[in-house]
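User: I would like to learn how to read a fold from its strands, cores and salt bridges. Please take one structure and go through it feature by feature.

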Amino acid sequence: MDCKLQKGAQRTESLVWPGQEGFPEDGGEDGLSESFQLLQMDVGYEHQEEEACPANSATWCSKNVQRKQRHWERIVSSKKSKRKQEKERRKVKRAEHPGTCPQHSKRFLKALTKDRLLEAKHSGPRLCVDLSMTHHMSKKELSRLAGQIRRLYGSNKKASRPFWIYLTGFSTDSPLYEECLRMNDGFSAYLLDVTEEDCFSLFPLETLVYLTPDSEQALEDIDQNTVYIIGGLVDESIQKKVTFQKARDCAVKTARLPIQEYMVRRQNEKNYHSEVLAINQVFDILSTYFETHSWPEALKKGVSPGKGYILRNAMEW
């Protein structure tokens with residue numbers, strides 16, 4: 001019995017790890033074999049860990065990186081799912097309306113818009129936005145004007161028969177230019193002409209018509225040989241006849257939109273009626289009329305209800 005206990009103790013001692021008390025001096029052949037097997041297993045496991053996570057890639061194996069990777073994979077998967085759903089939705093829509101035109105890619109539509117705008121530069125009607133009166137405008141007014149320029153350009157891009165736009169009296173080091181860059185994405189790539197020259201020196205005076213609500217002459221038609229001018233002026237104090245006086249000083253013809261001829265005042269709580277429009281609203285009226293040759297339709301689009309005007313006979317139009 002004692003002999004068996006001594007042999008068990010010897011075998012237990014033979015499993016002591018290297019680096020602690022060394023290999024046993026007399027552990028027997030079986031004890032050495034078992035120790036070597038355990039060492040081989042341990043070394044093999046460490047080798048697998050090194051292959052899965054090299055020393056130089058410790059960051060890759062961190063939990064934070066793995067979490068971000070899983071998050072990114074979920075985002076990619078979600079986008080793929082949404083694109084697939086959108087594709088199915090368009091497929092169903094085309095099946096329901098087989099007569100409609102197929103949707104074109106954004107690149108194709110962008111190229112088509114560019115071609116239309118460049119064609120307008122050579123053969124379309126011309127419109128100047130006179131920005132020479134912005135020096136006395138406040139920061140708030142400049143921001144509003146920059147927003148109106150963005151909306152005007154956006155409307156012109158969508159038009160089937162666009163105008164060619166000139167921003168005249170417009171310095172690239174002016175506060176308005178900086179505001180346009182800040183507020184309008186891609187402003188520097190707009191397809192239009194920007195010049196510091198005044199509109200009166202850029203074109204022959206006889207070809208100009210300054211659009212101002214203070215004119216006595218109503219605009220009857222749009223002539224492609226005429227250059228139309230809109231005053232780029234946002235003045236919350238509403239100083240009257242600023243653009244009218246400027247045009248008269250330079251002996252330039254003036255005209256107003258035919259609001260009085262086709263619209264009437266509508267009763268409202270504030271009893272407010274105004275023919276002063278933002279530059280993008282004026283452009284929307286001109287653009288719509290150029291496409292439809294209908295002043296009622298054009299005025300309906302550009303004159304908002306807040307101005308206090310309605311068409312003379314809304315049922316007729």
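Analyst: What follows is a reading of this predicted model, from the sheet to the salt bridges.

User: Which order do the strands of the sheet have?

Analyst: A sheet is read from strand to strand by pairing. Here 6 strands form an open sheet in the order β3-β2-β1-β5-β4-β6, with parallel pairing. β3 (193-194) and β6 are the edge strands; each has a single partner strand, so one side of each is left without a neighbour in the sheet.

User: How many bridges join β2 to β3?

Analyst: β2 and β3 run parallel and are joined by 2 bridges. Within that pairing, tyrosine 166 stands opposite aspartate 193 in β3.

User: And β4, which strands does it pair with, and which residues stand opposite each other?

Analyst: β4 has parallel pairings with two strands. With β5 (residues 227-231) there are 4 bridges, and leucine 211 stands opposite isoleucine 230. With β6 (residues 253-255) there are 3 bridges, and tyrosine 210 stands opposite threonine 254.

User: Are the faces of strand β4 covered or open?

Analyst: The check is to look at the side chains on each face in turn. In β4 (residues 208-211), Leu208 and Tyr210 are buried on one side, and Val209 and Leu211 are buried on the other, so both faces are covered, buried being under 20% relative accessible area.

User: What is the general idea behind a nonpolar core?

Analyst: In soluble globular proteins, nonpolar side chains tend to be buried together. In this model the largest nonpolar core has 46 residues, and those with the most contacts inside it are Leu167, Leu211, Leu257 and Leu286. Helix α10 (residues 279-292) contributes the most to this core, with 7 residues. Another core, of 13 residues, lies apart from it and includes Met133, Cys199, Tyr210 and Val252.

User: What does leucine 167 touch?

Analyst: Residues up to four places away in sequence are not counted. Beyond those, leucine 167 touches Val129, Leu131, Ile149, Phe187, Leu192, Asp193, Val194 and Thr195.

User: Is threonine 168 buried or exposed?

Analyst: Threonine 168 lies in strand β2 (residues 164-168) and counts as buried, at 0% relative accessibility. Outside its neighbours within four places in sequence, threonine 168 has contacts that include Asp130, Ser132, Glu197 and Asp198.

User: Which residues make a nonpolar patch on the surface?

Analyst: Phe108, Leu109 and Leu112 make a nonpolar surface patch of about 250 Å². Phenylalanine 108 is in helix α4 (residues 106-123) and counts as partly exposed, at 41% relative accessibility.

User: How many salt bridges are there, and which parts of the chain does lysine 246 tie together?

Analyst: For each pair, read the distance, then the location of both partners. The count comes to 7 salt bridges. Lysine 246 forms one with aspartate 130, the closest N and O atoms being 2.7 Å apart. Lysine 246 is in helix α8 (residues 242-249) and aspartate 130 in strand β1 (residues 126-130), so the pair ties together parts 116 residues apart in sequence. Lysine 246 is buried at 17% relative accessible area, and aspartate 130 is buried at 0%. Lysine 246 also forms a salt bridge with aspartate 198, at 3.5 Å between the closest N and O atoms. That partner is in the loop between β3 and α7 (199-202), 48 residues away, and is partly exposed at 24%.

User: Where do arginine 182 and glutamate 179 lie?

Analyst: Both lie in helix α6 (residues 175-183), 3 residues apart, about one turn of the helix. Their side chains meet in a salt bridge of 2.5 Å, N to O. Arginine 182 is exposed at 55%, whereas glutamate 179 is buried at 3%.

Definitions and conventions. Residues are numbered from 1 along each chain as its sequence is written. This is a predicted model: local features need pLDDT of at least 70, side-chain atom pairs count only at pLDDT 80 or more; totals for chains, interfaces and linings use all residues. Side-chain values use heavy atoms; hydrogens and water are left out. Buried means under 20% relative accessible area, exposed over 50%, partly exposed in between (1.4 Å probe, protein chains only). Two strands pair if DSSP finds at least two bridges between them. Patches are made of residues with over 30% relative accessible area and no salt bridge: like charges are joined within 9 Å, nonpolar side chains (Val, Leu, Ile, Met, Phe, Trp, Tyr) within 5 Å. Accessible areas come from the Shrake-Rupley method with a 1.4 Å probe; for residues, only the protein chains shown count as cover. A salt bridge is a side-chain nitrogen of Lys or Arg within 4 Å of a carboxyl oxygen of Asp or Glu. Contact means heavy atoms within 4.5 Å. A nonpolar core is a set of buried Ala, Val, Leu, Ile, Met, Phe, Trp, Tyr and Cys residues joined through side-chain atoms within 4.5 Å.
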